[in-house]
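Here is a friendly tour of the charged and polar side chains in this protein. Keep the viewer open and follow along as we go.

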Amino acid sequence: MKQTHLLVGEIVRPQGIKGEVKLRHYTDDPYRFELLEEVLRKTDKGYEVLAIEKCRVQGEDVYLKLAGYEDRNAAETLRGAMLYVDRDNALELEDNQFFIADILGAKVVDTKGQGIGTLKEVLTPGGTDVFVVKTPKGEMMFPAIEAVISSMDLDEGIIVLNESKLDEVAVYEDSRSDYIPRDV
């Protein structure tokens with residue numbers, strides 16, 4: 001299930017009058033853009049290479065000046081563009097690290113091989129990530145900790161969970177659709 005291209009950001013809007021754009025980054029480290037010479041813009045025909053002329057980071061905000069976009073009007077045409085890198089330009093991962101894109105859609109099972117659902121989303125509130133799994137009975141969330149996750153096979157797209165620990169920490173969607181709050 002490893003992806004060939006990894007989403008790193010989305011162009012939010014033009015910044016100033018000289019073709020610079022503001023980026024909403026989807027990485028742990030906004031300074032990673034200072035190491036890139038180019039990003040890829042997804043189009044209907046594939047990926048278009050956009051050369052990075054300049055990058056600046058202010059706090060959590062990333063600003064890029066891309067070659068060929070010399071004024072605000074040109075930069076406006078990039079609004080909403082999703083930017084990617086290929087595997088060759090991805091950051092090196094340490095042991096036990098993974099790219100979220102590589103596990104989304106993974107089949108989630110327990111240690112007995114019983115199907116639980118499909119990984120729908122990974123929430124990153126800071127600290128411990130939270131996995132959101134689509135199950136036949138609704139969504140289930142749990143912290144992505146070693147006590148719960150027995151193993152992850154990125155190549156096969158399978159996540160194995162310790163069902164006894166999962167019972168202790170999982171939070172389930174309230175599936176009662178007939179509940180209507182009433183004033184007391």
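Which side chain of opposite charge is nearest to Asp110, a buried residue that has no salt bridge? That side chain is Lys112, 5.9 Å away. Please bear in mind that this is a predicted model. With that said, let us look at Asp110 in more detail and then turn to the pairs that do form.

**Asp110, a buried charge without a partner**
- You will find Asp110 in strand β7, which covers residues 107–110.
- A salt bridge calls for a side-chain nitrogen of Lys or Arg within 4 Å of a carboxyl oxygen of Asp or Glu, and the side chain of Lys112 is 5.9 Å from Asp110.
- Lys112 still plays a part through its backbone: its backbone nitrogen is reached by the side chain of Asp110 at 2.9 Å.

**Salt bridges that involve strand β2**
- In general, side chains of opposite charge can pair when their charged atoms come close.
- The structure has 10 salt bridges, and one of them joins the side chains of Glu10 and Arg24, with 3.2 Å from N to O.
- Because Glu10 sits in strand β1 (residues 5–15) and Arg24 in strand β2, this pair ties together parts that are 14 residues apart in sequence.
- Glu10 is buried, at 18% relative accessible area, whereas Arg24 is partly exposed, at 42%.
- Glu20 and Arg56 form another salt bridge, in which the closest N and O atoms are 2.9 Å apart.
- Here Glu20 belongs to strand β2 and Arg56 to strand β4 (residues 46–58), so the pair links parts that are 36 residues apart in sequence.
- Glu20 counts as buried because its relative accessibility is 11%, while Arg56, at 24%, counts as partly exposed.
- Asp61 forms a salt bridge with Lys22, and their closest N and O atoms are 3.7 Å apart.
- Asp61 lies in strand β5 (residues 61–66) and Lys22 in strand β2, so parts 39 residues apart in sequence are tied together.
- For this pair, Asp61 is partly exposed at 29% relative accessibility, and Lys22 is buried, with a relative accessible area of 19%.

**A network of salt bridges**
- Glu53, Lys65 and Glu70 are joined into one network by salt bridges that share partners.

**His25 and its polar contacts**
- His25 is placed in strand β2, and it counts as buried because its relative accessibility is 14%.
- Its side chain makes a polar contact with the side chain of Glu60 at 3.0 Å.
- The side chain of His25 also reaches the backbone oxygen of Thr27, at 3.1 Å.

**A negative patch on the surface**
- Which residues gather in a patch of negative charge on the surface? They are Asp28, Asp29, Glu34 and Glu60.
- Glu60 is thus a residue to look at twice, since its side chain is also the one in polar contact with the side chain of His25.
- Asp29 is found in the loop between β2 (20–25) and β3 (38–43).
- With 36% relative accessibility, Asp29 counts as partly exposed.

**Val122, for orientation**
- Val122 lies in strand β8, residues 115–123, and is buried at 12% relative accessibility.
- How far apart are Val122 and Met82 in sequence and in space? They are 40 residues apart in sequence and 19 Å apart in space, C-alpha to C-alpha.

How values were computed:
Residues are numbered from 1 along each chain as its sequence is written. This is a predicted model: local features need pLDDT of at least 70, side-chain atom pairs count only at pLDDT 80 or more; totals for chains, interfaces and linings use all residues. Side-chain values use heavy atoms; hydrogens and water are left out. Patches are made of residues with over 30% relative accessible area and no salt bridge: like charges are joined within 9 Å, nonpolar side chains (Val, Leu, Ile, Met, Phe, Trp, Tyr) within 5 Å. Accessible areas come from the Shrake-Rupley method with a 1.4 Å probe; for residues, only the protein chains shown count as cover. Lys and Arg count as positive and Asp and Glu as negative; His and the chain ends are not counted. The place of a charge is taken as NZ of Lys, CZ of Arg, CG of Asp or CD of Glu. Helices (H or I, at least four residues) and strands (E, at least two) are DSSP runs, numbered from the N terminus. Buried means under 20% relative accessible area, exposed over 50%, partly exposed in between (1.4 Å probe, protein chains only). A polar contact is a pair of N or O atoms within 3.5 Å; within protein, one must be able to donate a hydrogen and the other to accept it, and residues adjacent in sequence count only if both atoms are side-chain atoms.
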